[in-house]
Amino acid sequence: MSDADVPENAKPSMLAFFRASENRGLLLDAFVFLINLTGMGYLSTLFLDSIHRANAGDKGAAYLLFSMAIAMFCLAPLGATLKRWSFHQSVDKESAKEFSEELGGCLFNPIFYFCLTAVIFASINAFILQTVYGKEEPDGGVFVSSIFLGIGLMIAHTVLVYRYFSAPKKPPRMAFLKSPVSAFLGDACIFANMTLFQLIWNLMGTVDWPRPSGFWDFIFRFLMLLFLALLLYFPPRMFYLAGETNKWHTWATILLANSPILVRLMLGVG
């Protein structure tokens, strides 16, 4: 049977390809590529302006940044919880098992992820203490309590995220967590979390970088940017990497997603 004999509604479409659960990571990479190519530079400029206004005492800008930090702290575990059941119903069990064994590696190590979470919490904690106490120093008991509370929250955050990769032994008690709506909302949280990480990553593009002065400067800049790209791209991306780390197209689309900002910074284009 030729393609002409296949009914139009039976032919796979681009929309159907990206809607398939196994291609959700490619969809995320395509989404990041498009926003980096179009509006992310403008959004990063607004983000940088909010930082300047918050430093100047603008409470509205400070609360906006605080809300973004809270979102970065909550979106990942929320998305992991909402999507966990559907993920393990759709992914190949062997692939999920292989990826869970890779979680001890440098890119997906829980310790590395915990440290990144600690940075996010530190900004939240500093904002709360400054809002409550202003220029005065908080009591030692308050400061120590906030640290221990933060450690507990960071541990819970990391556990919920990495629990996503272990297959549930029984269905969740809430029927909603087994529904397609729960999976969709989980994907939405993951995409939103990635967008916030990209805002931080693209802050580097708001600076006029000089062109590399020579070969070794070019290599050093490449290695530095590669490290930063891994630091800010893999934590929100890893939810879609089960069974995909050994596929060349996965790494190709990840590179493509980051290429707009990488090209600007490597060539020194502000």
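**Exercise 1. Which residues touch the most other members of the largest nonpolar core?**

Before starting, note that this is a predicted model, where local features need pLDDT of at least 70, side-chain atom pairs count only at pLDDT 80 or more, and totals for chains, interfaces and linings use all residues. Residues are numbered from 1 along each chain as its sequence is written, and side-chain values use heavy atoms, with hydrogens and water left out.

*Step 1.* Set the rule: a nonpolar core is a set of buried Ala, Val, Leu, Ile, Met, Phe, Trp, Tyr and Cys residues joined through side-chain atoms within 4.5 Å, with buried meaning under 20% relative accessible area (1.4 Å probe, protein chains only).

*Step 2.* Read off the winners: Trp201, Leu225 and Leu265 touch the most other members among the 33 residues of the largest core.

*Step 3.* Map the core onto helices (DSSP runs of H or I, at least four residues, numbered from the N terminus). Two or more residues come from each of H3 (40-55), H4 (59-90), H6, H8, H9 and H10 (248-267). H4 gives the most, with eight residues.

*Step 4.* Don't miss the second, separate core: it has 23 residues, including Ile190, Phe191, Tyr233 and Ile254.

**Exercise 2. List what Leu265 touches.**

*Solution.* Take contact as heavy atoms within 4.5 Å. Leaving out residues up to four places away in sequence, Leu265 touches Trp201, Met204, Gly205, Trp209, Arg221 and Leu225.

**Exercise 3. Describe the largest cavity and its lining.**

*Step 1.* On a 1 Å grid over the protein atoms alone, a cavity is a set of points where a 1.4 Å probe fits but cannot get out, and lining residues have an atom within 4 Å of a point. Grid points are joined across faces, edges and corners, and a volume is the space filled by probe spheres set on the points.

*Step 2.* The whole structure yields one cavity of 30 Å³ or more, and the largest cavity comes to about 50 Å³.

*Step 3.* Its lining includes Met72, Tyr113, His157 and Pro236. H6 (110-133), H8 (180-202) and H9 (215-237) each supply at least two lining residues, and H6 gives the most, with four.

**Exercise 4. Now do the largest pocket.**

*Step 1.* A pocket is an open set with protein on both sides within 12 Å along at least five of seven lines. The largest one holds about 850 Å³ of space.

*Step 2.* It is lined by 28 residues, and Ala62, Leu65, Phe66, Ser123 and Phe127 are the closest to its centre.

*Step 3.* H6 gives the most to this lining, with nine residues.

Conventions. Buried means under 20% relative accessible area, exposed over 50%, partly exposed in between (1.4 Å probe, protein chains only).
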